[in-house]
Amino acid sequence: LCPLWLIRFLFYTPVLRCDFFLLASAFSSYLSIMNISFMRIADYYIGIPVCFIIGVMSRLIQYINPGLKREGSPKNILLIKTWGIGNIIMMLDSMRALRKKFPDARIGFVTLENNRDIVEQNPYLDYKLLIHVNSFYKFILSTAGIILKMRSEGPDIALDFDQFSRYAAILAFFSGAESRIGFYTEGQGKHYLFTHPVVYNNHQHMSATFFDIVKRLGIQSNHSEITPVPLSEREKETAERFFKENKITNKDFLIGMHVGCGGNFPERRWPKERFAQLADVLIEKHHAKIILTGSPAEDPLVQSVLQLMKNSAVNICGRFNIRELSAIISRCNLFFSCDTGPLHLATAMGVPVVGFFGPNTPILYGPRGKSDTIFYKKQPCSPCITNYNAKRSDCKNPVCVLDITLEEVYREVKEKYL
């Protein structure tokens with residue numbers, strides 16, 4: 001059913017290839033940001049009918065010509081997860097379990113280029129395929145290339161861990177895998193492309209829900225033991241150099257703070273003014289040393305926090321990759337974070353986490369450590385961003401997170417950690 005002839009025809013016929021590239025370039029200036037809203041709208045309105053049509057055609061062809069069934073343990077397993085570094089960190093338990101169950105299998109991972117750092121040098125994976133989304137032209141080109149590479153790998157099984165992306169389900173289908181496992185969620189239309197749909201459970205932590213996918217392969221071990229981000233000696237040495245340059249020793253009470261939450265629904269943020277005030281209190285009353293983490297895009301936000309502070313802190317926005325950041329965070333005595341990836345990074349590295357939630361629910365995305373603290377008011381409208389609505393919300397007044405006061409945070413932190 002996979003139209004490889006069409007892909008080859010478009011890309012290797014000179015005239016059509018030229019026209020295609022010109023057309024893609026024309027759109028590229030408008031879609032160069034490939035913003036999240038546009039991608040979600042396209043994924044919904046195009047993805048659902050495409051999944052339905054392909055699914056129906058596939059079942060018809062299988063009914064007419066069942067083909068040959070492969071037997072024995074899978075030799076090649078393909079994992080797909082597009083969005084979310086934090087989600088991929090929560091998938092580490094599932095990756096480790098897969099590697100333990102199938103030590104001789106070749107395991108691959110399809111994800112966005114933005115997530116390269118978290119899948120690079122991962123001992124549970126053998127290969128990775130990266131999707132470029134910084135322009136329409138590169139997105140189309142990399143998608144076509146990935147389909148061809150997946151087909152050449154010949155996976156026996158494709159596991160789609162995306163909670164709502166139809167695009168990921170379509171990739172799983174075109175991988176050529178005989179068995180395709182992914183979430184069945186009411187109203188999303190993804191399940192048409194899966195041979196073994198797994199009912200999505202919205203009442204447990206996402207790490208457990210991800211583990212439900214691999215359980216379909218006969219894995220029965222639990223996921224209660226948190227899997228750390230694998231680190232090399234080079235990353236540990238990078239962290240040590242950073243501590244030495246900033247005169248941070250093992251005797252220091254080191255606190256990390258992540259004040260941003262990425263470009264997806266910034267209303268999840270706890271106010272920067274309160275982060276600044278909290279940092280000052282911890283420095284003045286408890287002699288803490290503060291490091292502020294963030295992506296390069298979050299540097300202006302972190303700079304504004306530093307300007308609001310009376311004391312100094314170390315800004316490491318964009319200075320380190322995910323694995324290096326993991327090594328640095330692992331030395332923290334405490335880590336404050338909004339609902340975003342570094343919260344899960346700190347959890348994976350065994351650091352006590354103080355998490356701020358409101359638009360999203362900590363039941364699904366909270367830290368999992370035994371020493372963690374969660375601030376969540378659970379307003380009647382919360383959570384407003386869910387895996388049922390593709391994490392979209394029109395809320396402009398997130399009282400759920402704004403109602404978390406500095407006084408209550410400091411009071412509980414002081415009692416529990418200081």
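This passage describes the nonpolar cores, one helix pair and some backbone features of a predicted model. Local features need pLDDT of at least 70 and side-chain atom pairs count only at pLDDT 80 or more, while totals for chains, interfaces and linings use all residues. Residues are numbered from 1 along each chain as its sequence is written, and side-chain values use heavy atoms, with hydrogens and water left out.

The largest nonpolar core (buried Ala, Val, Leu, Ile, Met, Phe, Trp, Tyr and Cys residues joined through side-chain atoms within 4.5 Å; buried means under 20% relative accessible area, exposed over 50%, partly exposed in between, with a 1.4 Å probe and protein chains only) has 59 residues. Touching the most other members are Leu79, Met95, Leu98, Leu159, Phe242 and Ile291. Beyond its neighbours within four places in sequence, Phe242 is in contact (heavy atoms within 4.5 Å) with Ile248, Ile291, Val314, Ile316, Arg319, Phe320 and Ile328. Another core, of 34 residues, lies apart from this one and includes Trp270 and Phe375.

Helices α12 (residues 272–286) and α18 (residues 406–417), taken from DSSP runs (H or I, at least four residues; strands E, at least two; numbered from the N terminus), pack with their axes 10 Å apart at an angle of about 35°. Axes here are lines fitted to C-alpha atoms over the stretch in contact, and angles run from 0 to 180 degrees between N-to-C directions.

Turning to the backbone, a cis peptide bond links Ser382 to Pro383, with omega about 0°. Pro383 sits in the loop between β12 and α17. Lys247, in the loop between α11 and β7, has a positive phi near 55°. Lys247 counts as exposed because its relative accessible area is 67%.
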